[in-house]
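Colleague: Please take me through this model slowly, as I am new to reading structures of this kind.

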Amino acid sequence: SRSLEGWEYFIRTVQKLVESCFMPVAVGGCIRSAEHARALFENGADKVVLNAPFFSAPNLVEDLVSSYGSQSIVASLDFRRDETDSPRIFINAGREDTNVELSAGVAHVASLGAGELYLTSIERDGTGMGYDLPAIQLAHESCDLPIIAAGGADTIDRLAEGICSGFASAVSTAHLF
């Protein structure tokens, strides 16, 4: 929920998670201000994951990078292919087309100081079709950031395919769990 009560519940959930978690925790979702990010860092987050602010509030991203360092900022980019088969960036849960092509979007988030990239194919997410490797390659060629591939993995073989491509530093799945 985007309400104050929902935000407070989210913060308490993050606190509980990090109490029993012995690995770095990246937290995202509706971070729209420096105060939101500060609350997450103060309550145990090691990194914040941002999507829309890279396109709607770039000054916020720059401020967070300045305050917490690039290693603490993850750019979560959701993309979908257009009618010409070109991948474009979407924000706000994939509902809003930024009209920015993937390569330009990746270069943009890198220029703002993101420390890593979480790249999700909207079309492949939950399908088990495998990662969009050509798009991951395009992102890899557009920046020097570590890339976490997401959207499309449903088996260990699909995860391995993402890693073995050489374009992703890490892979992600929710489907297997």
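Modeller: A salt bridge is a side-chain nitrogen of Lys or Arg within 4 Å of a carboxyl oxygen of Asp or Glu. The model is a predicted one, in which local features need pLDDT of at least 70 and side-chain atom pairs count only at pLDDT 80 or more, while totals for chains, interfaces and linings use all residues. Residues are numbered from 1 along each chain as its sequence is written, and side-chain values use heavy atoms, with hydrogens and water left out.

Colleague: How many salt bridges does this rule give?

Modeller: Side chains of opposite charge can pair when their charged atoms come close. One such pair is D82 with R88, at 3.1 Å from N to O, and salt bridges with shared partners also join R81, D85 and D132 into one network. By this rule, the count is eight.

Colleague: Which helix holds both R38 and E42?

Modeller: The side chains of R38 and E42 form a salt bridge at 3.6 Å, N to O. The two residues are four apart, about one turn of the helix, and both belong to residues 34-42 (a helix being a DSSP run of H or I with at least four residues, a strand a run of E with at least two, numbered from the N terminus). That helix is α2.

Colleague: Is E42 buried or exposed?

Modeller: Buried means under 20% relative accessible area, exposed over 50%, and partly exposed in between, with a 1.4 Å probe and protein chains only. Its partner R38, at 37%, is partly exposed. Because E42 has 56% relative accessibility, E42 counts as exposed.

Colleague: How many residues apart are E116 and K47?

Modeller: Their side chains meet in a salt bridge of 2.3 Å, N to O. E116 is buried at 13%, whereas K47 is partly exposed at 23%. The pair links distant parts of the chain, with E116 in strand β6 and K47 in strand β2, and the separation is 69 residues.

Colleague: What volume does the largest pocket have?

Modeller: A pocket is an open set of points on a 1 Å grid over the protein atoms alone, where a 1.4 Å probe fits and protein lies on both sides within 12 Å along at least five of seven lines; lining residues have an atom within 4 Å of a point. Here 26 residues line the largest pocket, with G28, G29, V49, S76 and Y118 nearest its centre, and β1, β2, β3 and β6 each give two or more residues to the lining. Taken as the space filled by probe spheres set on the points, which are joined across faces, edges and corners, the volume is about 560 Å³.
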